[in-house]
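I opened this entry to record what I looked up in one chain. I went from the overall make-up to single residues.

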Amino acid sequence: MSDESAGAAYRIEDLAHHSGATVRTIRAYQDRGLLPRPERRGRANVYADAHLARLRQIAGLLDRGYTLASIKELLEAWDTGRGLGGILGLVAEVDGPWTDEEAVRISRAELDERFGGSPDDAAVADAVALGVLEPVPGDGDSFLVPSPQELAVAVELSAAGVPLSAISGHLRELRGQVEHIASRFLEFTTEHVFARYLGEHQPTDADAAEAASLVRRLRPLAQQTVDAELARAMRLFANRHLRQHLGAGQPPELKDETRSVEIPEDTMRAVEGLVGAGQVSAFVAAAAEREVQARTLDRLTSNHRKLGDVDEMP
């Protein structure tokens, strides 16, 4: 029996076969109100194409991480005419790719060759654990590379002499910091942009479509901001590092690695609220450095103005 034919009728076993759900799951969905009851024809229960479509909707929403309770609310909205298309469009927008990169496939031999030709099982296992490589089911000699750019960076660092273990450790540290940035950006946009769509009631179809459009427009902003700030910070610290080591032709002065300072408890709590407990030291150091730089710029500007006044004297 084909589910494509008009007016198709299914026994529960047929419905399970075409939908990929088990008979037990179909009955559970009926009991929870997710799936309409079948039509009774004589002694048999008969399901229609609408049941098959509903099962496929449920499966798609489950794959996107929705709970059965939230799926029931969405489907009830659809059944009462409030629309599901906008909601599914929003889900698809959020679930869609957040980068232009496309995953590529690489063999173990090619991988070893790119990293100098010497097999390193420990490094490969580390890359798999980090998600830089994904095993291909049924093919133990190939991997999927979700981000070719990330792998290319590792190849270049390795060629420059950085040990693979150090590259993995750096990526772990960087990932934690980037996830914090992503979390803060999401909180920021939720508070100032998406709060109106996240009330007690499900958004209307039009609201969800508008929110999906906003996601599409705002999606690149986080990366653009991080790119700009990273470029600024790299230039700042690279120039400072170069001046320290080469500028005066003298070795850098030996300085204490750390120095303790007292910070009011209220200030500490405020900083922790902004960046999290694990980033307090880095935040305070960066804020102090920025203040020092600002005062240095003010002093240079002031000196220049004084010299200008002297030059203008008769």
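The notes below cover the chain as a whole, its cores, one sheet, two helices and one arginine.

**Overview.** I am working with a predicted model. I counted 12 helices and five strands in the chain. The chain has 314 residues, and 23% of them are buried. I then took the contacts between residues at least 6 apart in sequence and found that 55% of these join residues at least 24 apart.

**Largest nonpolar core.** I asked which residues touch the most other members of the largest nonpolar core. They are Leu-15 and Ile-26, in a core of 18 residues. I next listed the helices that each supply at least two residues of this core: H1 (12-19), H2 (23-31), H3 (49-63) and H4 (68-79). Of these, H3 gives the most, with four residues.

I followed Ile-26 further, leaving aside its neighbours within four places in sequence. Ile-26 is in contact with Ile-12, Leu-15, Ala-16 and Ser-19, and its list also holds Ala-21, Leu-35, Tyr-47 and Leu-55. A separate core of 11 residues lies apart from the largest one, and includes Ile-106, Val-124, Leu-130 and Val-145.

**Helix H1.** I looked up the burial of H1 and noted Ile-12, Asp-14, Leu-15, Ala-16 and Ser-19 as buried. I then asked what the buried residues of H1 pack against. They pack against H2 and H3. Just after H1, I noted a positive phi of about 85° at Gly-20.

**Sheet S3-S5-S4.** I went on to an open sheet of three strands, with the order S3-S5-S4 and antiparallel pairing. Strands S3 (104-107) and S4 (134-136) are at the edges and have a single partner strand each, so each has one side without a neighbour in the sheet. Direction ignored, neighbouring strands here are turned against each other by 40° on average.

I checked the pairings one by one. S3 and S5 (residues 139-145) run antiparallel and are joined by four bridges. Within S5, Phe-143 is the bridge partner of Ile-106, and Ser-142 stands opposite Ser-107. S4 and S5 also run antiparallel, with three bridges between them. Here Pro-135 stands opposite Phe-143 of S5. Phe-143 therefore turns up twice in my notes, with Ile-106 and with Pro-135. The hairpin of S4 and S5 has two residues between the strands, and Gly-138 in this hairpin takes a positive phi near 80°.**Helix H7.** I listed the buried residues of H7 (residues 121-130) as Ala-123, Val-124, Ala-127 and Leu-130. I asked why they line one face of the helix. Seen down the axis of H7, these residues fall within an arc of 125°, so they line one face. An α-helix has 3.6 residues a turn, so residues three or four places apart point the same way. On the face of H7 turned away from the buried side I found the exposed residues Asp-121, Ala-122 and Ala-129.

I then looked at what covers the buried residues of H7, and the cover includes H6 (108-114), S5 and H9 (164-194). At the N-terminal end of H7, the cap is Asp-120. A side-chain oxygen of Asp-120 lies 3.3 Å from the backbone nitrogen of Ala-122. Just after H7, Gly-131 takes a positive phi of about 85°.

**Arg-240.** My last look-up was Arg-240, which sits in H10 (residues 205-247). I asked whether to file Arg-240 as buried or exposed, and which value decides. Its relative accessibility is 15%, and the cut-off for buried is under 20%, so Arg-240 counts as buried. Leaving aside neighbours within four places in sequence, I found Arg-240 in contact with Glu-289 and Gln-293.

Notes:
Residues are numbered from 1 along each chain as its sequence is written. This is a predicted model: local features need pLDDT of at least 70, side-chain atom pairs count only at pLDDT 80 or more; totals for chains, interfaces and linings use all residues. Side-chain values use heavy atoms; hydrogens and water are left out. A nonpolar core is a set of buried Ala, Val, Leu, Ile, Met, Phe, Trp, Tyr and Cys residues joined through side-chain atoms within 4.5 Å. Buried means under 20% relative accessible area, exposed over 50%, partly exposed in between (1.4 Å probe, protein chains only). Contact means heavy atoms within 4.5 Å. Two strands pair if DSSP finds at least two bridges between them. Axes are lines fitted to C-alpha atoms, for helices over the stretch in contact, and angles run from 0 to 180 degrees between N-to-C directions. The arc is that of the directions from the helix axis to the C-beta atoms. A polar contact is a pair of N or O atoms within 3.5 Å; within protein, one must be able to donate a hydrogen and the other to accept it, and residues adjacent in sequence count only if both atoms are side-chain atoms.
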